[in-house]
Amino acid sequence: MGPPGAGKGTQAQVVAAHMGVPHVSTGDIFRANVSGDTALGREAKRYMDAGELVPDAITNAMVTARLNEPDAADGFLLDGYPRNSDQAVVLDAALTAAGQSLDAVVEIVVGNDEVVKRLLGRAATDGRADDTEQVIRHRLTVYLDQTAPLVGYYRGQGLLHTVDGVGAVTDVTERILAALAR
Ligand code: AMP
């Protein structure tokens, strides 16, 4: 977990490779569908471009299908999901039904000003449609309103590891791996 620009995607890729589990990023799956101009991509794009969450029915079905693929049978690293309490509840139910459970939740903490600075930098290099300043600020609001409350949900389950996301990419990776080793 972490606000947009916290480094979730970057860190999740490295940590998943280190642990030998698939990196399941809902944002990446949506973007692949947008690029491929699939029905799912056309539907998701409207929300993504506005910085809104894609509706839960679409997102939950997509994640559940992905986690049922054979490569996820022995573990996975979710990136960008769940993003609201309904998704968290659906995930818990899907995992319980599959005889699985979450081992850990990592929260990457980065302040608002730093996040906006990073995302505007990414906008200049990657050209993501949702990295304009107005959409960035809206995505941050959506994170604070809908996603941040999940920190308490997972802390209550004893799963939460909070990591400082400011510093070199490799330093942040070390902090995450150290937290997970505990
Ligand atoms: P991300 O790459 O994780 O920042 O996601 C980019 C965009 O994809 C988000 O701003 C949402 O529009 C959409 N998205 C990604 N994950 C989810 C999710 N779990 N629920 C709803 N929408 C999502």
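## Exercises: salt bridges, a ligand site and the fold

Arg-46 and Glu-43 pair up in a salt bridge, with their closest N and O atoms 3.1 Å apart. That is our way into this model, which is a predicted one. Grab the structure and work through the tasks below.

### Exercise 1: the Arg-46 pair

Work out how Arg-46 and Glu-43 are placed along helix H3, and how accessible each of them is.

Solution. Start with the helix: H3 covers residues 39-50. Arg-46 and Glu-43 are three residues apart in it, so about one helical turn separates them. Now look at the accessibility. Arg-46 has 52% relative accessibility and counts as exposed, because the cut-off for that class is over 50%. Glu-43 has a relative accessible area of 28%, which makes it partly exposed. As for the pairing as such, side chains of opposite charge can pair when their charged atoms come close.

### Exercise 2: two more pairs

Find the salt-bridge partner of Asp-28 and that of Asp-37, then give the accessibility class of each residue involved.

Solution. Take Asp-28 to begin with. Its partner is Arg-31, and the closest N and O atoms lie 2.9 Å from each other. Both sit in helix H2, residues 26-35, three residues apart, so the separation is about one helical turn. Asp-28 is partly exposed at 40% relative accessibility, and Arg-31 is partly exposed too, at 27%.

Then go to Asp-37. Here the side chain meets that of Arg-42 in a salt bridge, at 3.2 Å from N to O. Asp-37 comes out at 49% relative accessibility, so it counts as partly exposed. Arg-42, with a relative accessible area of 47%, is partly exposed as well.

How many salt bridges does a search of the whole structure find? The count is 13.

### Exercise 3: a network around Arg-139

Which residues are linked with Arg-139 in a network of salt bridges, and is Arg-139 buried or exposed?

Solution. Step one is the network: Arg-122, Asp-130 and Asp-131 are linked with Arg-139 by salt bridges. Step two is the location, which is helix H7, residues 133-147. Step three is the accessibility. Arg-139 has a relative accessible area of 12%, and since buried means under 20%, Arg-139 is buried.

Step four is the surroundings. The side chain of Arg-139 makes a polar contact with the side chain of Asp-131 at 2.9 Å. Leaving out neighbours within four places in sequence, Arg-139 is in contact with residues including Pro-4, Gly-51, Leu-119 and Arg-128. The network members Arg-122, Asp-130 and Asp-131 are on that contact list as well.

For a contrasting case, try Asp-126 in helix H6, residues 112-126. Asp-126 is exposed, with a relative accessible area of 51%. Its side chain makes a polar contact with the side chain of Thr-125, at 3.0 Å.

### Exercise 4: the ligand site

Which residues come nearest to the ligand, and what polar atoms does the ligand meet at Arg-31, Glu-52 and Val-54?

Solution. There are 16 residues around the ligand, and Thr-26, Arg-31, Glu-52, Gly-80 and Gln-87 come nearest. Arg-31 is worth a second look: besides its salt bridge with Asp-28, Arg-31 has a side-chain N or O atom 2.9 Å from an oxygen atom of the ligand. At Glu-52, a polar backbone atom lies 2.6 Å from a ligand oxygen. At Val-54, a backbone N or O atom is 3.0 Å from a nitrogen atom of the ligand. And the cover? Taken alone, the ligand exposes 480 Å², and the protein buries 95% of that.

### Exercise 5: the whole chain

Describe the secondary structure of the chain, then check its radius of gyration against that of a compact globule.

Solution. Count the elements: there are nine helices and four strands. Read from the N terminus, their order is α-β-α-α-α-β-α-β-α-α-α-β-α. Next, the check: a compact globule of 182 residues would have a radius of gyration near 16 Å, and the chain has 16 Å, so the two agree. The C-alpha atoms fill a box of roughly 40 × 40 × 30 Å along the principal axes.

To finish, look at packing and surface. Of the 182 residues, 42% count as buried. Among contacts with a separation of 6 or more, 69% come from residues 24 or more positions apart. The chain exposes about 9,300 Å², and carbon and sulfur atoms supply 53% of it.

Note on methods:
Residues are numbered from 1 along each chain as its sequence is written. This is a predicted model: local features need pLDDT of at least 70, side-chain atom pairs count only at pLDDT 80 or more; totals for chains, interfaces and linings use all residues. Side-chain values use heavy atoms; hydrogens and water are left out. A salt bridge is a side-chain nitrogen of Lys or Arg within 4 Å of a carboxyl oxygen of Asp or Glu. Helices (H or I, at least four residues) and strands (E, at least two) are DSSP runs, numbered from the N terminus. Buried means under 20% relative accessible area, exposed over 50%, partly exposed in between (1.4 Å probe, protein chains only). A polar contact is a pair of N or O atoms within 3.5 Å; within protein, one must be able to donate a hydrogen and the other to accept it, and residues adjacent in sequence count only if both atoms are side-chain atoms. Contact means heavy atoms within 4.5 Å. A residue is near a molecule or strand if one of its heavy atoms lies within 4 Å of it. Accessible areas come from the Shrake-Rupley method with a 1.4 Å probe; for residues, only the protein chains shown count as cover. The radius of gyration is taken over C-alpha atoms; the globule rule is 2.2 Å times the number of residues to the power 0.38.
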